[in-house]
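Visitor: Hi, could you walk me through this one? I'd like to start with how strands get matched up.

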Amino acid sequence: MNHDYIYFRVRMDIAAVAADTYRDTVGILIDQSGVGTPGKPDFAFMWDSKGEETKAGEHGLEMTQLDTGGAAWNQTKFDDVDGNSAKKIAPPDFATSGGDGYVRLVDGQSTLNFGDTTFIDYAISWNYLLTKSGTGLSTNQTWSLQVGSIANATDHNNITTISGVPSHRPAQSQPVGANRSTPIHPGRNRFQNRTPWPWRAWRFVYSMPPVWCG
Ligand SMILES: [Ca+2]
Ligand SMILES: [Ca+2]
Ligand SMILES: [Ca+2]
């Protein structure tokens, strides 16, 4: 995370995500505290590679919101914030140029325990989120995250695989709300996250006499 973008890295259980053959949707699912039903996701940054296959430039990285929220992940799906499943309308969706958001694929990265992996990296512009998305997503909120994927289908379908559980476990056995990330507070800088110094420490620092060097 920096002043301009918030970043996510997803480690895939496959060695390569070939652009000409990979046809899943992979999304960062966000449960924003105080919005919607507690424990259920509200928004998702979706990378729709399936839709991109048939209509290049109208899919790819998409800003979505919860459409149907069931008790299990295979009853849960999202819908575009732009209200059009066939077109990318920006704003409120990510524009295809201008830096609203990026997806980067890093193939063939070796691991200690399970062969090669691919990273899917997301970079989401704070300026886009704050001024264009219409989602209300902002810095200094409380988010719980999960990664969900939809096998060989677009972002308009039920989640089929979810993170935080053993590999390849189907989503139907996973209740929504379980195995989420610990809450994050996006956009806080390192000083805000630090426990404040006690008053005596501040007093000591500020009462030291000036030291002349040279
Ligand atoms: Ca919520
Ligand atoms: Ca789509
Ligand atoms: Ca759309």
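Guide: Happy to! Two strands count as a pair if DSSP finds at least two bridges between them. Keep in mind that this is a predicted model.

Visitor: Good to know. So how many bridges join β1 to β7?

Guide: Eight, and the two strands run antiparallel. β7 covers residues 116-125. As one example from this pairing, Arg11 has Phe119 in β7 as its bridge partner.

Visitor: What's the strand order in the sheet they belong to?

Guide: The order is β1-β7-β6, an open sheet of three strands with antiparallel pairing. β1 and β6 (101-110) are the edge strands; each has a single partner, so one side of each lacks a neighbour in the sheet. On average, neighbouring strands here are turned by 20 degrees against each other, direction ignored.

Visitor: Let's zoom in on Tyr7. Which strand is that in?

Guide: Tyr7 sits in strand β1, which spans residues 5-12.

Visitor: And is Tyr7 buried or exposed?

Guide: Exposed, because Tyr7 has 12 C-beta neighbours inside 10 Å, and the cut-off for exposed is 12 or fewer.

Visitor: How far is Tyr7 from Tyr122 in space?

Guide: Their C-alpha atoms are 5.5 Å apart, although 115 residues separate Tyr7 and Tyr122 in sequence.

Visitor: Switching to the whole chain: how many helices and strands are there?

Guide: Four helices and nine strands. Along the sequence they come as β-β-β-α-β-β-β-β-α-β-β-α-α.

Visitor: What share of the residues is buried?

Guide: Buried residues account for 28% of the 214 in the protein chain. As for contacts between residues at least 6 apart in sequence, 61% link residues at least 24 apart.

How values were computed
Residues numbered from 1 in each chain as written. Chains lettered and ligands numbered in written order. Predicted model: local features only at pLDDT ≥ 70, side-chain atom pairs only at ≥ 80, totals over all residues. Buried ≥ 20, exposed ≤ 12 C-beta atoms within 10 Å, placed from the backbone. Axes fitted to C-alpha atoms, helices over the stretch in contact; angles between N-to-C directions. Contact = placed C-beta atoms within 7 Å.
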